[in-house]
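Open the model in your viewer and keep the selection tool at hand. We will go from stop to stop, picking residues and looking around them.

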Amino acid sequence: MKPIALCLLFLCVISTAMSGQTTASIDTTIYNVVENWPYALLKSCAPGRHPGWTEDSTRRCADAQLLAIVTQNMRYPEPARENNVEGTVVTSFVIEKSGRMTNFKLLKDIGSGCGDEALRVLKALDTIGLRWQPARTGGAEVRMRMTLPLRFKLQEALPYYLSDNGDTIYTNYEVAPAFKPGNDSLVSFLINRLEYPAEYNDSCKTGIIEMAVLIRNNGELQVDNQLDFSNLGLDFQFQALRLVNRTMGLWMPAQYLGRGVSTTLPLRVLFKSDAPKCAAVNQIFDQTMVLADEGAVLLEKNEPEQAIAKWTEAIKLNPNNTEILYYRGTALLNLNRKEEACQDFGAVKKLLGVTWFEGVRRLVCGWQ
């Protein structure tokens with residue numbers, strides 16, 4: 001099965017002629033020629049963040065950012081992939097005076113679900129809150145129809161990507177990286193060899209730290225990233241890092257075309273104090289994780305409302321668990337409950353100072 005990638009041909013701001021009806025009180029005309037073209041209102045392109053920019057500069061920035069957002073969110077339809085369907089879909093929509101996108105249409109479709117996918121992404125962007133600076137003519141805001149051609153092209157996807165540090169990281173491989181003593185030994189090692197910071201024994205801090213571990217083609221390893229979901233702090237992060245470094249020399253690299261390649265592997269460690277006074281706290285944390293797992297199972301069964309209910313129970317027990325806040329926020333967003341989702345995403349940012357999904361958060365909720 002050939003991997004698929006999707007390319008966006010270009011963002012085209014070509015208006016199509018569209019006649020409109022007018023009344024004495026409301027101008028419903030849809031314009032095809034204006035003095036000032038509309039552009040997407042994206043926080044990263046806001047004029048206040050770029051002193052000296054002209055409106056044209058802001059528009060070019062918005063076009064480029066919107067291009068990236070659409071590209072990242074479109075999926076090549078499976079029927080199109082199976083039937084080797086390629087080509088350009090042409091969509092159109094109206095930018096209202098309110099900045100909303102309405103009246104979505106397909107001007108050209110290549111079939112096999114491509115047109116529907118193009119419209120899905122555009123409608124989703126409007127639903128989650130993307131707004132536009134409306135077109136203007138004679139100093140007045142007016143409605144304008146835009147067209148957007150989107151190219152669907154099948155292409156071979158590389159089995160790897162280049163990390164920010166210049167490492168070649170394989171995502172496709174024939175043999176996965178492996179812990180030499182075996183998976184059971186790895187689980188035992190992560191549980192039994194993890195050291196709880198002694199000075200925090202009576203703090204009863206509990207939580208999970210997840211690490212993205214780079215297993216290089218020679219078996220050496222490096223921790224690329226840490227997610228401290230419960231904001232345990234630097235001492236706990238150090239112990240997690242120290243534990244993983246103790247596995248140096250115990251890894252076999254992934255194999256691709258018969259040779260060792262570098263890839264990443266997620267490792268999670270759980271911190272719980274053995275102090276007698278912490279038994280009740282540990283029990284609450286265990287209950288929290290059981291509820292979180294039950295929520296994940298419900299979501300897999302396509303029961304998002306029930307999953308949200310489970311995660312809400314879990315958050316009541318452990319309000320500062322940012323991982324569960326993220327899960328619930330994502331599920332709420334998928335149900336178009338944007339305000340509630342942003343409350344969860346904002347809580348994650350407040351607790352951690354930064355989020356691991358900042359691009360999504362900013363798009364949906366803004367910079368605050």
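Start with asparagine 245. Its relative accessible area is 36%, which makes this residue partly exposed, because buried would need under 20% and exposed over 50%. Asparagine 245 belongs to helix H5, which covers residues 234-245. Now add proline 181 to the selection. These two residues are 64 residues apart along the chain, and their C-alpha atoms are separated by 16 Å. One caution before moving on: this is a predicted model.

**A second asparagine**

Select asparagine 318 next. Is this residue buried or exposed? Its relative accessible area is 15%, so asparagine 318 counts as buried, the limit being under 20%. Look at where it sits: asparagine 318 is in the loop between helix H7 (304-317) and helix H8. Show its surroundings. Leaving aside neighbours within four places in sequence, asparagine 318 is in contact with Phe285 and Thr288.

**The three-stranded sheet**

Now select strands S12, S11 and S16. They form an open sheet of three strands in the order S12-S11-S16, and the pairing is antiparallel. Which strands stand at the edges? They are S12 (221-228) and S16 (263-271). Each has a single partner strand, so one side of each is left without a neighbour in the sheet. Turn the view and compare strand directions. On average, neighbouring strands of this sheet are turned by 25° against each other, direction ignored.

Zoom in on S11, residues 207-215. This strand is mostly covered, with seven of its nine residues buried. On one side, seven bridges join S11 to S12, and the two run antiparallel. Pick out some facing residues:

- Isoleucine 209 stands opposite aspartate 228 in S12.
- Alanine 212 stands opposite asparagine 225 in S12.
- Valine 213 faces valine 223 in S12.

S11 also pairs with S16, in the antiparallel sense, over nine bridges. Find leucine 214: its bridge partner in S16 is threonine 264.

Follow the chain from S11 to S12. The two strands form a hairpin with five residues between them. Click on glycine 219 in the turn, which has a positive phi of about 90°.

While the strands are on screen, recall a general rule. In a regular strand the side chains alternate between the two faces of the sheet.

**Helix H3**

Move to helix H3, residues 114-127. How far apart are its end C-alpha atoms? They are 20 Å apart. At 1.5 Å a residue, the 14 residues of H3 should span 20 Å, which agrees. Colour its buried residues: Cys114, Gly115, Glu117, Ala118, Leu119, Val121, Leu122, Leu125 and Asp126. What do they pack against? Show helix H1 (55-73), helix H2 (78-82), strand S3 (87-95), strand S4 (101-108) and strand S7. Step just past the end of H3 to glycine 129, which takes a positive phi of about 115°.

**The nonpolar cores**

Stay with leucine 125. Leaving aside neighbours within four places in sequence, leucine 125 is in contact with Leu66, Ile69, Val70 and Leu130. Now widen the view to the largest nonpolar core, which has 51 residues. Which of them touch the most other members? Select Phe93, Leu125, Leu130 and Trp132. Then highlight strand S7 (residues 140-152), which gives the most to this core, with six residues. Apart from this core lies another, of 21 residues. Among its residues are Phe189, Leu232, Trp251 and Leu267.

**Last stop: helix H10**

Select helix H10, residues 358-365. Glu358, Arg361 and Val364 are buried here. Look down the axis of H10: its buried residues fall within an arc of 135°, so they line one face of the helix. A general rule helps here. An α-helix has 3.6 residues a turn, so residues three or four places apart point the same way. Now bring in what covers the buried residues of H10, including helix H8 (322-334) and helix H9 (338-352). End on glycine 366, just after H10, where phi is positive at about 90°.

How values were computed: Residues are numbered from 1 along each chain as its sequence is written. This is a predicted model: local features need pLDDT of at least 70, side-chain atom pairs count only at pLDDT 80 or more; totals for chains, interfaces and linings use all residues. Side-chain values use heavy atoms; hydrogens and water are left out. A nonpolar core is a set of buried Ala, Val, Leu, Ile, Met, Phe, Trp, Tyr and Cys residues joined through side-chain atoms within 4.5 Å. Buried means under 20% relative accessible area, exposed over 50%, partly exposed in between (1.4 Å probe, protein chains only). Helices (H or I, at least four residues) and strands (E, at least two) are DSSP runs, numbered from the N terminus. Contact means heavy atoms within 4.5 Å. Two strands pair if DSSP finds at least two bridges between them. Axes are lines fitted to C-alpha atoms, for helices over the stretch in contact, and angles run from 0 to 180 degrees between N-to-C directions. The arc is that of the directions from the helix axis to the C-beta atoms. The expected span of a helix is 1.5 Å times one less than its number of residues.
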